[in-house]
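Visitor: Could you walk me through this model and explain the words you use as we go?
Guide: Gladly; have a look at it here.

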Amino acid sequence: MSSLFSQTAWLIPCYALLGAVLALPWSPGFIRRTGPRPAGYVNVIMTFLAFLHSILALIEVWGRSPQLLSVTWLQAADLTITLDLKVSAVTAGAAILITGLNLLAQVYAIGYLEMDWGWARFYSLLALFEAGMCALVLINSLFFSYVVLEVLTLGTYLLIGYWFNQSLVVTGARDAFLTKRVGDLILLMGVVALRPLAGTWNFDELADWATTADLQPWVATLLGLALLAGPLAKCAQFPLHLWLDEAMEGPVPATILRNTVVVSTGAWVLIKVQPILALSPIGIDAAIFVGAVTAIGASLIAIAQIDIKRVLSYATSAYMGLIFVTVGTSQSEVALTLLLTYAIAMSLLIMSTGGIVLNNISQDVTQYGGLWSRRPVSGLCYLVGAASLVALPPLGSFWPLAQLADNLASDYIWLLGVLLTVNALTAFSMMRVFGLLFLGEPTPMTRRSPEGLWALVLPMVGLTGFALHIPLLLAVLDLLPGRVIALSLPALALLGSTLLGAGAGLVPYGLKRDQVPVKLSSPALQDFFAYDLYTAKLYKGTIVFVVAAVSNVIYWIDRFIVDGVVNLVGLATMFSGQTLRYNTSGQTQFYVFSILLGIAALGIFACYPLLQDLSLIAAP
Amino acid sequence: MLSLLLWLPLIGAIALLLAPPQWSVVRLRNIAGVLTLLVFLLSCYLLSQFDLGNGGWQFQEYHAWAQPIGLSYSLAVDGLSLPLLVMGNLLTLIAIYTITGAPHETTAGALRDRPRLYYSLILLVNAGVTGALSAQNLLLFVLFYELELIPFYLLISIWGGPKRSYAAIKFLLYTAVSGLFVLAAFLGITFLSQSTSFDYGLLTTDGLELKVRLILLTMLLIGFGIKIPLVPLHTWMPDAYVEASPATAILLGGILAKLGTYGLIRFGLQLFPDTWTLIGPGLAAIGTISVLYGALSAIAQKDIKRMVAYSSIGHMGYMLVAAAAGTRLSILGAVAQMISHGLILALLFFLVGIVERKAGTRDLDVLNGLMNPIRGLPLTSALLIAAGMASAGIPGLVGFVAEFMVFQGSFTTFPLPILVCIFASGLTAVYFVILLNRTCFGKLDNAIAYYPTVLLSERWPALALAAIILFLGVQPQWLVRWIQPTTNALAAQFPTVLADQFATQQPTLAPDLPPAMAHR
């Protein structure tokens, strides 16, 4: 069997990059005659090529050992950085998922951004994301994973800032960039520190190294925590989760990708560094703890949101939390399966609600109602998405979640509790949104609400069909857990929690919408969740405040102390009421004096570590 | 060959001064531009002729000049100076085609007053830098080092902003003191080691007492520290950068500051290898403080040019930390950081100059929404984002490559300072996001947004710089290939106690290199 397509798998990200470049001529001011739309079409075609290539590559590597490609990127002094690629069934499959979802999102954007002028920029950025993510899954090196994550951070900044006229967009883009950058830089610390210890950044070699590595516990812990930080920010886990919520200001087609595959890049890297994380019990426990706290906290916050995109964004954080728990308990295979089923389900949810937001202007779920008769296709797609998201057999996510529940039941019983809670809460919030949107009487906002353009409906319906076939796909891929697990007590408990949550959501918000006013007993508690545990205020009161204060103090010192000495003589002229003449002799002397002062300070400082040496020399 | 590089701009400078007064500004500028392009191409030719297997001096020229005082006309370059020299020529070319700032320009963007002097001063700067970078005699170096002051002083004080005379005097005094310290240290090195010649290759500090070496090295540190500049000797720099016209700021930050770092490595690290290891921790501390200080001060700025100026202090700090660590990779990173910082800073100043020229202000609180495609400055904004991100160390652009080599190379020697530096590169992102959010993003005020279009002639230097920054970021081998032989040889001078943890784990990767620096 030939290996043409797997050997050339490095082309998969290149198609998208080429698309990004090709879209640029349609930026405002270059090609005017055609309007901006060709930029989109070019990218759809390039993404389709990448999709096709990924499928062909998967067919080639199926059942065979992975293809390893390697090229030296930089050889500098004693540092050699090689770009390692690994084309295996898993990575090719991930590339198919990424390019496939990108294809759908780009087609969706043709409809969603119909009236927008910035197609070139938008499609270039989508293509940049696609290229970055495809590269990330193919890359087999921690260094380049970091590189890609960081480039994607920049991409996030620009993509969220797409509608840069709006102030919320601007702050959202800023916060996303800075939050992710914090995670990235801590990851960079880990990357830098790992090299002298392990001597390699290749994931396979790192895994080998981790089996025999003998590190001091504190080194292993710090290393583990540093490597955890990157995924933590990417996956929007507590306490770095706020950006995902603010990122919802961006356009929906970007959200489809961001809430599914982009956040999953963090999880992907986490899975890859899991062997190193496992060197330190604290690192592993931190991953599990952060994941569990985020899962529960974010699903609670999701329930209290009235903005439909924010409900979905917190559900994203919650599921990424579950992934953290899964990886933390060494179930990487389950985590990968869950990422697949989750990505399909979540993109379905966003697509179906995105079309509604587009026609009906509002993102406020309380303004909606009675859409079922007007948009049955969207409603069905939403239902399929919700059912695939939570543990509801026979649809997608049930299987990995059941496997997870079964594994947790033996060793981590409290995590099983977390899983059941999160599943129930997510089912509740999905049904709450469904009830508010589709059931009840039509409201002024929903009186007129047709299904969208073909470009919106086609990807959505196609994906629904795919979502319904996921169990078959899992069976073919041999990823379905056995019947024993599917019928085991934890799995049944999982199903019970789904039904309980869904029922509890559907009744008050859907069926008996008008009779039961839903209010928590304590408004303060409700606000606490509605305002995202006041995280924004927490940031503002701590890190933002500290950085702003310190920089102002430093600048004050710079102006009035360091430079002030230089300018002190200005005071005298102020008193005499004359204009400043800086080159008079008195001032010149003062400059020299201040320079000497600075020099003296620096000299003492530079020699400080040597004073001991000097006394040693002087003594004999 | 090096003489050609040195004398061509010098002759050009004189010729331009003597040009007929009726010649138009555009013509003068094109003459200067073509001349610089020629010099730049010649220096690129030198790159192609450079022997990559040899870390020592190449293209040597020697003429006895004033032997009684030990001064000789002795030129040569190695992997440390040649890349800087090429970058210096490139940035001179860029600077010639950079707009000079509102009060000194006609509406067509051409210079209004004293164009002959202006362009000849820029050529003079170029000649001075080439001379200083290729001088193989300490006195010759000082000669060129001091020669730089005159054109820069005039450039700031004639074509500067409102507070230009203040800034120019401050600059002149500070850098004159810097020259004095360097000169004193050079005299000390030569006389105390009983040498009769100031030729670089004949000098060695091995015979000196430790105390003497420490004092001499500290003097050099102060002298070059003013030029770089290092905290707390930096206060001339924000004023000079801000008051200078964009073209002068590019030359100041891109070329002149690099003479300080170059001198520190050439005359500090290379002449005092043992002493350098002793004061290494102190240098790393100063570097780290500079990094933090620059980044934090930049966050507090309201003027984008001043913000960029403070960012420069921070980025020079990385260089010092890396030079202090003294491993092969870290010294390479330090030199790479000079190049990358020079390119990025030039791009930033260039774009800030365009924004100021077109939008009429540099104030963060006034600027808004420049990314607007019709009424704003979309391409300038896009390039500004690229430049800011390059400076913040986003991978794929040259800033990351250099910073990463600094971090990785110095980590085993100075773990804690490097972690602080990585933290500070997060602060870099903070102020660039502030800058980009306030200038490029947001809503353009339609009432005031009647900006003149940016002409292609005003923007090609930025496009060229951005292309280079991107290319070197993606293909960093082109950045390190000329530097590597020399920095490897430099690092080989050091006692390798700190560096060998790396070396033992990477036995196959180190190419064989001459064990000691071949001076001649």
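Guide: What follows is a short talk about confidence, backbone details, and the ways chains and domains touch.

Guide: This is a predicted model, so local features need pLDDT of at least 70, side-chain atom pairs count only at pLDDT 80 or more, and totals for chains, interfaces and linings use all residues. Residues are numbered from 1 along each chain as its sequence is written, while chains are lettered from A and ligands numbered from 1 in the order in which they are written.

Visitor: What is the mean pLDDT of chain A?
Guide: pLDDT is the predictor's confidence in each residue, from 0 to 100. For chain A the mean is 85, with 90% of residues at 70 or more.

Visitor: Where in chain A does pLDDT stay under 50?
Guide: One such stretch is residues 569-586 of chain A, with 12 contacts beyond four places in sequence. Another is residues 614-620 of chain A, with 3 such contacts. Two residues are in contact if their C-beta atoms, placed from the backbone, lie within 7 Å.

Visitor: Is A:Ala236 buried or exposed, and why?
Guide: A residue is buried if 20 or more other C-beta atoms lie within 10 Å of its own, exposed if 12 or fewer, and partly exposed in between, with C-beta atoms placed from the backbone. A:Ala236 has 30 within 10 Å, so it is buried. Its phi is near 55 degrees, a positive value in a residue other than glycine.

Visitor: And why is A:Asp478 called buried or exposed?
Guide: A:Asp478 has 6 other C-beta atoms within 10 Å, so it is exposed. A:Asp478 also has a positive phi, about 65 degrees, although it is not a glycine.

Visitor: Which residues does a cis peptide bond join?
Guide: In chain A, such a bond joins A:Phe238 and A:Pro239, with omega about 0 degrees. A:Pro239 sits in the loop between helix H9 (217-234) and helix H10 (242-246) of chain A, and A:Ala236 lies in that loop too. In chain B, B:Ile228 and B:Pro229 are joined by a cis peptide bond with omega about -10 degrees. Helices (H or I, at least four residues) and strands (E, at least two) are DSSP runs, numbered from the N terminus.

Visitor: What makes chain B as compact as a globular protein of its length?
Guide: Chain B has 20 helices and 2 strands. Its radius of gyration is 22 Å, close to the 24 Å that the globule rule gives for 520 residues, so chain B is as compact as a globular protein of that length. That radius is taken over C-alpha atoms, and the rule is 2.2 Å times the number of residues to the power 0.38. Of the 520 residues of chain B, 64% count as buried.

Visitor: How many residues of each chain are in contact with the other?
Guide: 61 residues of chain A contact 69 residues of chain B. H7(A) gives the most to the chain A side, with 13 residues.

Visitor: What classes make up that side of chain A?
Guide: It has 41 nonpolar, 12 polar and 8 charged residues. Ala, Val, Leu, Ile, Met, Phe, Trp, Tyr, Cys and Pro count as nonpolar, Asp, Glu, Lys and Arg as charged, and the others, Gly among them, as polar.

Visitor: Which domains does chain B have?
Guide: The assignment gives domain 1 (1-271) and domain 2 (283-515); such bounds come from an automatic or database domain assignment. In chain B, 42 residues of domain 1 are in contact with 45 residues of domain 2.
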